[in-house]
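Biologist: I have a structure open and would like to learn how to read it. Can we go through it feature by feature?

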Amino acid sequence: MPHYSARIYVTLRPSVLDPAGTAVQSGLAHMGYTNVGPIRIGKYIELTLEAENEAAASQQLDRMCDQLLANPVIENYRFELQTLATA
Amino acid sequence: MKFAVIVFPGANCDRDVAYVTRDILGQPTRMVWHEDSDLGDVDVVVVPGGFSYGDYLRCGAIARFSPAMQATVEHAKAGKPVLGICNGFQILTEVGLLPGALVRNRDMRFICDRVPLRVERTDLLWTANYSAGQVITLPIAHGEGCYYADEATLAELEANRQIVFRYSSPDGSVDEKANPNGSLGNIAGICNRAGNVLGLMPHPERAADAVLGGVDGLPLFEGLVRSLVAA
């Protein structure tokens, strides 16, 4: 079965406040970067998986994201899939 | 009345709960390891506070998949009482027994304090020993206690009277000044529609023995036992 690598980006939904982003923005302002606008902090996850084909891998990733890697109540996600060269 | 307290790696309020149910109230209490899928013949399941699985990924995200939590979901679906305190509340939202989510506190601080709460309804087995509109003081200790839900969910919570405790001022007024963590609607605790599942960020188990400086949490446990005995 082919191997895939996935890069998963989990971001806060726009309606959810991000106090960590606000704190980082103020840190950058203290550095002198007063030109920086609102900051949103998310998560980046890398994983590899084995699947029948790309569609199956994508379907499994959707379930993983929906149930564990992201919380759909507060977060959105997207991922990029790449086929790994088989040995 | 038989109690089960779920013990996760990283839980730290499990024994505080057992001290109340077993030592103060004299009820049989068993500690259930998270890998155990058999809760036994218990009446009430308590999901305690702490930092289950190190709070990795999100608070409560990994705990929800433990065998003991799957059994807890079955227990709740059978209409039996489930109480989630602090991290336990976060786990109950992650597992879908309660709506919404708990996110990082508005002011970026971990809050360790005692705060006043208004009891919003007294017709639940959880609040039978409180009086309507009563203001109680309970400890809070959390970094991610800001209750969030989308507008439709919030409206539903209000319409179904699922908000059980709100952060308030000592005189009982609910406003932004009395909101320690930015929770929408000053929500400190909610129940499911049927009322058998309660989740709250404050710690009633840490306010059940006068030696700890407050006993406003004790009526929650006493009222629960009384309601279940009467049922």
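Modeller: Start with a strand in chain B. All counts here come from a predicted model. Strand β9 (residues 163–167) of chain B has five of its five residues buried, so it is largely enclosed by the rest of the structure.

Biologist: Which strands pair with β9(B), and in which sense?

Modeller: Look for bridges on either strand. Strand β6 (residues 111–119) of chain B pairs with β9(B) in the antiparallel sense, over three bridges. Strand β10 (residues 187–191) of chain B is also joined to β9(B) by three bridges, and the two run antiparallel.

Biologist: Which residues are the bridge partners of B:Arg166?

Modeller: In β6(B) to β9(B) pairing, B:Arg118 has B:Arg166 as its bridge partner. In β10(B), the partner of B:Arg166 is B:Ile187.

Biologist: What should I keep in mind about side chains in a strand?

Modeller: In a regular strand they alternate between the two faces of the sheet.

Biologist: Now a helix. Is α3 (residues 87–94) of chain B enclosed or open?

Modeller: Count the buried residues. In α3(B) they number eight of eight, so this helix is largely enclosed by the rest of the structure. Among them are B:Phe89, B:Ile91 and B:Leu92, but also B:Asn87, B:Gln90 and B:Glu94.

Biologist: What covers the buried residues of α3(B)?

Modeller: The cover includes helix α2 (67–77) of chain B. It also includes the strands β3 (44–47), β4 (82–85), β5 (101–103) and β11 (197–200) of that chain. Check the backbone just after the helix too: B:Gly96 takes a positive phi of about 90° there.

Biologist: How do I read the opposite case, an exposed residue?

Modeller: Use the neighbour count; 12 or fewer other C-beta atoms within 10 Å means exposed. B:Val229 has 9, so it is exposed. B:Val229 is found in helix α5 (residues 218–230) of chain B. Its C-alpha atom is separated by 12 Å from that of B:Gln27, 202 residues apart along the chain.

Biologist: Next, the nonpolar cores. Which residues have the most contacts inside the largest one?

Modeller: That core has 74 residues, and the best connected are B:Val5, B:Ile6, B:Val45, B:Val46, B:Leu92, B:Val164 and B:Val197. Strand β1 (residues 3–7) of chain B gives the largest share, five residues. Another core lies apart from it, with nine residues, among them A:Ala57, A:Cys65, A:Leu69 and A:Tyr77.

Biologist: What does B:Val197 touch beyond its sequence neighbours?

Modeller: Leave out everything within four places in sequence. B:Val197 is then in contact with residues including B:Ala76, B:Val82, B:Leu92 and B:Cys191.

Biologist: How do I judge the overall shape of each chain?

Modeller: Compare the radius of gyration with that of a compact globule. For 231 residues the rule gives a value near 17 Å; chain B has 16 Å, which agrees. For 87 residues it gives a value near 12 Å, but chain A has 17 Å. The C-alpha atoms of chain A fill a box of roughly 50 × 30 × 15 Å. For chain B the box is roughly 45 × 40 × 35 Å. Burial is worth reading alongside: 14% of the residues count as buried in chain A, and 53% in chain B.

Biologist: How is chain A built from its elements?

Modeller: From the N terminus on, they run β-α-β-α-β. The three strands form an open antiparallel sheet in the order β2-β1-β3. In chain A, β2 (43–50) and β3 (75–84) stand at the edges with a single partner strand each, so one side of each is left without a neighbour in the sheet. The twist averages 20° from one strand to the next. Strand β1 (residues 3–12) of chain A pairs with β2(A) over eight bridges. A:Ala6 stands opposite A:Leu47 in that pairing. Helix α2 (residues 54–69) of chain A lies across β1, β2 and β3 of chain A, at about 150° to β3(A).

Biologist: Last, the interface. How many residues of each chain are in contact?

Modeller: Count both sides: 10 residues of chain A are in contact with 14 of chain B. On the chain A side, helix α1 (residues 19–30) gives the most, three residues. By class, that side has eight nonpolar, two polar and no charged residues.

Definitions and conventions. Residues are numbered from 1 along each chain as its sequence is written. Chains are lettered from A and ligands numbered from 1 in the order in which they are written. This is a predicted model: local features need pLDDT of at least 70, side-chain atom pairs count only at pLDDT 80 or more; totals for chains, interfaces and linings use all residues. Two residues are in contact if their C-beta atoms, placed from the backbone, lie within 7 Å. Helices (H or I, at least four residues) and strands (E, at least two) are DSSP runs, numbered from the N terminus. Ala, Val, Leu, Ile, Met, Phe, Trp, Tyr, Cys and Pro count as nonpolar, Asp, Glu, Lys and Arg as charged, and the others, Gly among them, as polar. A residue is buried if 20 or more other C-beta atoms lie within 10 Å of its own, exposed if 12 or fewer, and partly exposed in between; C-beta atoms are placed from the backbone. Two strands pair if DSSP finds at least two bridges between them. Axes are lines fitted to C-alpha atoms, for helices over the stretch in contact, and angles run from 0 to 180 degrees between N-to-C directions. A nonpolar core is a set of buried Ala, Val, Leu, Ile, Met, Phe, Trp, Tyr and Cys residues joined through C-beta atoms within 7 Å. The radius of gyration is taken over C-alpha atoms; the globule rule is 2.2 Å times the number of residues to the power 0.38.
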